[in-house]
Amino acid sequence: MPKAAVCEAVGSPISVQDVDLADPKAGEVRIRTRAAGVCHSDLSVQNGTLLQPIPAVLGHEGAGVVEQIGDGVQGLEVGDHVVVSWVPQCGECFFCSRSEPELCEVGFEALMTGGLLDGTARFSRGGEPLLQMAAAGLFSEETIVPAIGAVKIDQEIPFSSAALIGCGVLTGFGAAVNTADIAQGDNVVVLGCGGVGLNVIQGANHAGAGRVIAVDMLDSKLDLAQQFGATDIVNPTEVDATQRVMELTGGRGADVAFEVIGLEATIEQTLAMTRRGGQAVLVGVPDMEATIEVNPSMEFLVGEKQVRGCWYGSSNTHHDVPMLAALYKDGKLKLDELVSAKITLDEVNEAFTAIENGAVARSVITFD
Ligand code: PAD
Ligand code: ZN
């Protein structure tokens with residue numbers, strides 16, 4: 001009977017309790033969770049920003065060990081270390097066959113239902129099914145995930161660092177490397193330097209950006225941004241951020257600007273910071289009812305700006321997870337530095353408060 005962190009209702013504290021977990025069905029695997037990052041999107045389910053079926057076991061960023069294999073699973077064995085993907089990617093649907101696996105039809109279904117690929121849950125309480133966030137449910141000592149959502153990694157990578165690949169790193173690094181078109185020497189601006197934004201900064205440098213301007217309200221985050229490769233920092237509580245970005249980019253604006261917060265005002269600001277002909281990449285997830293004001297003539301026609309939405313860093317998890325793990329092993333990707341605090345499952349509500357206060361890049365729940 002694993003212990004799990006359950007979101008019972010929007011606005012209620014997360015409750016840690018014992019739950020039942022069935023055996024894996026065909027095409028599924030049981031994972032013993034070893035580490036799970038607490039992402040802003042977990043908080044967004046609890047506070048109602050992100051609509052996700054509940055009650056559910058939260059947690060969508062993590063790593064663990066394969067414990068049990070369902071019928072027909074190929075390519076995974078008991079004892080394998082895996083990173084769990086919150087978009088299981090089938091490799092065969094309309095989107096997967098067009099190199100857009102982050103939009104996988106099979107994975108999308110699971111995201112919407114809160115179940116696994118057949119729409120049903122493996123967690124339960126008192127005989128009643130209990131859903132799991134994004135086919136993952138990693139805030140639990142054990143979980144069951146689709147085998148196509150478990151990506152094998154090198155056993156030498158510490159679980160607490162590997163866990164972060166599962167969301168923050170795939171999303172942030174991928175936003176810069178896959179979603180955007182960053183050319184050598186480009187001016188890049190990143191609004192929001194949390195667990196995801198810091199990885200946009202790493203990805204932008206990897207893609208060959210020249211200037212990488214980090215914007216955040218907290219000096220502690222701007223210090224981290226510099227550690228992750230930002231060349232310039234801007235604190236909007238001290239200066240007019242748009243004006244400062246203009247000064248740093250020859251009065252034109254950034255070639256590529258990323259919004260990694262999820263607020264209407266900062267999305268509009270991101271578009272304003274983008275140069276004519278440049279790209280604004282939206283990563284932060286705003287409230288589902290959010291709307292923005294935009295002047296289409298000046299921005300999209302006269303200005304020829306592009307807006308790109310970024311879902312899961314436009315990542316192919318089966319390719320990108322091992323690639324990121326290899327970059328880490330070669331010392332070319334920072335993961336350990338993202339872990340601000342290691343906590344227990346019982347401290348999940350405190351970790352949510354730490355996100356709200358901006359106190360951490362990532363809190364990581366470890367299960368020893
Ligand atoms: P986080 O809370 O760790 O980081 C957000 C950062 O933004 C913090 O450093 C804040 O200080 C900063 N910030 C907040 N308001 C402002 C402001 N007005 N001006 C400047 N800085 C500000 O979050 P995170 O990094 O875990 O996630 C960031 C967003 O990305 C969040 O909306 C999350 O839901 C989303 C996300 N999207 C995807 C995707 O596929 N698109 C995946 C994962 C996370
Ligand atoms: Zn996330």
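Which residue follows α6, and what is the sign of its phi? In this predicted model, helix α6 is followed by G250, whose phi is positive, near 65°. At the opposite terminus, D240 caps the N-terminal end of α6. The cap rests on a side-chain oxygen of D240 that lies 3.1 Å from the backbone nitrogen of T242.

Helix α6 comprises residues 241-248, and its buried residues are A241, T242, V245 and L248. These residues cover an arc of only 125° around the axis, and they therefore lie on the same side of α6. An α-helix has 3.6 residues a turn, so residues three or four places apart point the same way. The packing partners of the buried residues of α6 are the elements β12 (188-191), β13 (212-215) and β14 (232-234), together with α7 (264-273).

The surroundings of ligand 1 were examined next. Around ligand 1 there are 26 residues, of which H40, D216, V283, C310 and Y312 come nearest. The shell consists of 15 nonpolar, 8 polar and 3 charged residues. Two side chains place polar atoms beside oxygen atoms of the ligand: that of D216 at 2.7 Å and that of K221 at 3.0 Å. For V283, a backbone N or O atom lies 2.9 Å from a nitrogen atom of ligand 1. Taken alone, ligand 1 exposes 870 Å², and the protein buries 91% of that area. The elements that contribute two or more residues to the shell around ligand 1 are α1 (40-46) and α3 (159-179).

How values were computed
Residues are numbered from 1 along each chain as its sequence is written. Chains are lettered from A and ligands numbered from 1 in the order in which they are written. This is a predicted model: local features need pLDDT of at least 70, side-chain atom pairs count only at pLDDT 80 or more; totals for chains, interfaces and linings use all residues. Side-chain values use heavy atoms; hydrogens and water are left out. Buried means under 20% relative accessible area, exposed over 50%, partly exposed in between (1.4 Å probe, protein chains only). Helices (H or I, at least four residues) and strands (E, at least two) are DSSP runs, numbered from the N terminus. The arc is that of the directions from the helix axis to the C-beta atoms. Contact means heavy atoms within 4.5 Å. A polar contact is a pair of N or O atoms within 3.5 Å; within protein, one must be able to donate a hydrogen and the other to accept it, and residues adjacent in sequence count only if both atoms are side-chain atoms. A residue is near a molecule or strand if one of its heavy atoms lies within 4 Å of it. Accessible areas come from the Shrake-Rupley method with a 1.4 Å probe; for residues, only the protein chains shown count as cover. Ala, Val, Leu, Ile, Met, Phe, Trp, Tyr, Cys and Pro count as nonpolar, Asp, Glu, Lys and Arg as charged, and the others, Gly among them, as polar.
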